[in-house]
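Reader: I am new to this structure and would like a close look at a single part of it. Please take one strand, explain its setting, and then add whatever else can be said.

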Amino acid sequence: QSSVERIADRRDIPPAVTRFIDALDLPPTLALQKSHAGVCWPEFADLDWAGAGLAVEARPTSGDDRLGITGAFCAIAETGTLVVLAGAHTPTATTLLPDTHIAVVRADRVVSGMEEAFALLRRERGTLPRAVNMISGPSRTGDIEQTIVLGAHGPYRVHVLVLG
C-alpha cells in the first residue's frame, strides 16, 4: 500500500513531497495529517523546503510531527520493502515515524531480493548495525476484532521517492 514516484534530481525532493501532501484525499477528521510541516534526516537539511511551501526541520521526530522524510539504505524490488539502518545519523525511533513517511532511495540502490540487500549490507558495512528496519508499507494491525487498522504502530501512509 505504498506509493512511488520517480524523480530525476535531489532538488526535486521538496516539490515531490508537496505534490504528494497536496494530493492526499483525507476526510475532515484526518485533516491534520495533511501537514506541510515535518522533520527530515540531516542529509536533507540543505534542500529548499520553504520554496516548496514546506516547514521541514532536520531533527528527530518529537511524537507530534505529522510528516517525516528519511533516506533508505536500499530498497527490495521483490517485496517493495525499504531497508533502513539505525546509526549515528538516524533516530533510534526510526520505526516510530509520523503519520506520513516519505522515504528517498537512489535508483541504483534498488536490489532484486532480500539476499541482495543483505549481500550489499555485508559488502558495505561488514557487520550488521544495531538495527535493520524493513518497511514494507504503512503500519497495520488486525488484532482488534479482525479489522485491519492502518497507522497502528507507525505511519498511515508510506510514499517512496526513487531518485535517479
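Author: A residue is called buried here if its relative accessible area is under 20%. With that cut-off in hand, strand 12 can be described; the model is a predicted one.

Strand 12 covers residues 157–163, and 7 of its 7 residues are buried, so the strand is largely enclosed by the rest of the structure. In a regular strand the side chains alternate between the two faces of the sheet. In strand 12, Arg157, His159, Leu161 and Leu163 point one way. Val158, Val160 and Val162 point the other way. Both sets are buried.

The partners of strand 12 come next. Strand 1, made of residues 3–7, pairs with strand 12 in the parallel sense, over 5 bridges. Within that pairing, Val4 stands opposite Val160 of strand 12. Strand 7, residues 100–106, also runs parallel to strand 12, and 7 bridges join the two. Here His101 is the residue that stands opposite Val158 of strand 12.

These pairings belong to an open sheet of 6 strands, in the order 1-12-7-4-2-3, with parallel pairing. Strand 1 and strand 3 are the edge strands, each pairing on one side only. On average, neighbouring strands of this sheet are turned by 20° against each other, direction ignored. Helix 1, residues 13–23, packs on the sheet and touches strand 12 as well as strand 1, strand 4 and strand 7. The direction of helix 1 makes about 150° with that of strand 1.

One residue outside the strands can be added to this picture. Asp65 lies in the loop that runs between strand 3 (55–58) and strand 4 (67–70), two strands that also appear in the sheet order 1-12-7-4-2-3. Asp65 has a relative accessibility of 12% and therefore counts as buried, the cut-off being under 20%. The side chain of Asp65 makes a polar contact with the side chain of Arg59 at 2.8 Å. Another polar contact, at 2.9 Å, links the side chain of Asp65 to the side chain of Thr61. Leaving aside residues up to four places away in sequence, Asp65 touches Val39, Arg59, Pro60, Pro98 and Asp99.

Key:
Residues are numbered from 1 along each chain as its sequence is written. This is a predicted model: local features need pLDDT of at least 70, side-chain atom pairs count only at pLDDT 80 or more; totals for chains, interfaces and linings use all residues. Side-chain values use heavy atoms; hydrogens and water are left out. Helices (H or I, at least four residues) and strands (E, at least two) are DSSP runs, numbered from the N terminus. Buried means under 20% relative accessible area, exposed over 50%, partly exposed in between (1.4 Å probe, protein chains only). A polar contact is a pair of N or O atoms within 3.5 Å; within protein, one must be able to donate a hydrogen and the other to accept it, and residues adjacent in sequence count only if both atoms are side-chain atoms. Contact means heavy atoms within 4.5 Å. Two strands pair if DSSP finds at least two bridges between them. Axes are lines fitted to C-alpha atoms, for helices over the stretch in contact, and angles run from 0 to 180 degrees between N-to-C directions.
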